[in-house]
Structures are given as C-alpha cells and as structure tokens.
Amino acid sequence: MLGIPMAVARFNYRFARLPFQLVEDIGATRLDEGAAVRLGYERMLIYCDRAAAYLLHDESAAMRARDLREQTNPARIALEFEKRQAEQREQGEDVDEVQLLRGHRAKFLHRHQAYRGETPPSS
C-alpha cells in the first residue's frame, strides 16, 4: 500500500538533492578537504541522506551517507587531532604562566617580609 507513495517520495528526494550534489561536485571539491565550510556542508548532506534513508527506506541514500562519511573521515580526524594539539599547547602555556606568577609572588612575599623585618617561614 505504501510502495507507490514511498517510491514517489524517494524520487522527489533524489530530485531535490540534485542541486546540493551539484554544489558539492563543483564548489565544495575546490575547497581544501579540511576546510570547515566543506566539512560542514558535507555533514549536512550526510544528515539529509541519513534522514531520507530512515524515513523513506532509501537504501541508495544510506549508501551515499555512508560513502560520504567514509570519504570525510580522514579530514575530520585530522582536524580534531589539530584541535586537540592546540588545546594541549594552550594548557601547557597556561601552566607555565601560573608557575611564573607563583614565582613572582614568592619573590614578592620574601622581599615584603624582609622589608618588614619578618623572618620568612620555613618551607
């Protein structure tokens, strides 16, 4: 009973997806594989294909989503790796700054105690 309406819906989805595929084939492929715009656009296509696969029982949409996901995996993994490295570098810089500030504070307290004639506490 639902065979013909689902077939029509699948056809309509494939027809509606043509402009998006054209943009991907012509425009997105000119961008770097790790470009945020390209990865975002491809992620949107993956979500659309997954939704069509689920709602319309469209096996070709499921295959397109799977293939595009596999195609973009290396770029997404590399981007995530670079992001984590940057975060680790930033955390290392923060630790260095904290240690520097603690050293300055210790020197200040030592000088302040010497000025006031106090004996510094033993460590």
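The exercises below work through a predicted model of one chain, from its overall fold to its helices and its charged pairs.

In this predicted model, local features need pLDDT of at least 70 and side-chain atom pairs count only at pLDDT 80 or more, whereas totals for chains, interfaces and linings use all residues. Residues are numbered from 1 along each chain as its sequence is written, and side-chain values use heavy atoms, with hydrogens and water left out.

**Exercise 1. Overall form**

Describe the secondary structure of the chain and determine how its radius of gyration relates to the globule rule.

Solution. Begin with the elements, where helices (H or I, at least four residues) and strands (E, at least two) are DSSP runs numbered from the N terminus. The chain has three helices and zero strands, and the order from the N terminus is α-α-α. The radius of gyration is 29 Å, well over the 14 Å that the globule rule gives for 123 residues, so the chain is more spread out than a compact globule. Here the radius is taken over C-alpha atoms, and the rule is 2.2 Å times the number of residues to the power 0.38. Next, take the box along the principal axes, which the C-alpha atoms fill at roughly 95 × 35 × 20 Å. Finally, turn to burial: 20% of the 123 residues count as buried, where buried means under 20% relative accessible area, exposed over 50%, and partly exposed in between (1.4 Å probe, protein chains only).

**Exercise 2. Helix H1**

Compare the span of helix H1 with its expected value, and locate its kink and its buried residues.

Solution. The expected span of a helix is 1.5 Å times one less than its number of residues. For the 24 residues of H1 (residues 3-26) this gives 34 Å, and the end C-alpha atoms are 34 Å apart, which agrees. A kink of about 35 degrees nevertheless lies at Leu 18, shortly before the proline Pro 19; the bend at a residue is the angle between axes fitted to the seven residues ending there and the seven starting there. The buried residues of H1 are Met 6, Tyr 13, Arg 17 and Glu 24, and they pack against helix H2 (36-56) and helix H3 (59-116), with contact meaning heavy atoms within 4.5 Å.

**Exercise 3. Helix H3 and its surroundings**

Follow H3 from the loop before it to the residue after it, noting its span, its bend and its buried residues.

Solution. In the loop between H2 and H3 lies His 57, which has a positive phi of about 55 degrees although it is not a glycine. Most residues other than glycine have a negative phi. His 57 is exposed, with a relative accessible area of 60%. H3 itself has 58 residues and reaches 81 Å from its first C-alpha to its last, close to the 86 Å expected at 1.5 Å a residue. The helix bends by about 40 degrees at Asn 73, with the proline Pro 74 following within four residues, and Asn 73 counts as partly exposed at 26% relative accessibility. The buried residues of H3 include Ala 61, Leu 68, Arg 76 and Gln 113, and what covers the buried residues of this helix includes H1 and H2. After H3 comes Gly 117, whose phi is positive, near 80 degrees.

**Exercise 4. Charged pairs**

For three of the salt bridges, state which elements are joined and how far each partner is buried.

Solution. A salt bridge is a side-chain nitrogen of Lys or Arg within 4 Å of a carboxyl oxygen of Asp or Glu, and a search of the whole structure finds five of them. One of these pairs Arg 14 with Asp 58 (2.8 Å, N to O); it links distant parts of the chain, with Arg 14 in helix H1 and Asp 58 in the loop between H2 and H3, 44 residues apart. Arg 14 counts as partly exposed at 37%, whereas Asp 58 is buried at 2%.

The pair of Glu 42 and Arg 38 (3.0 Å, N to O) lies within helix H2, its partners four residues apart, about one turn of the helix. Glu 42 is buried at 3% relative accessibility, and Arg 38 is buried at 7%.

Asp 49 and Arg 64 also meet in a salt bridge (3.6 Å, N to O). Asp 49 lies in helix H2 and Arg 64 in helix H3, so the pair ties together parts that are 15 residues apart in sequence. Asp 49 is buried, with a relative accessible area of 0%, and Arg 64 counts as partly exposed at 25%. Both belong to a network of salt bridges that also links Arg 17.
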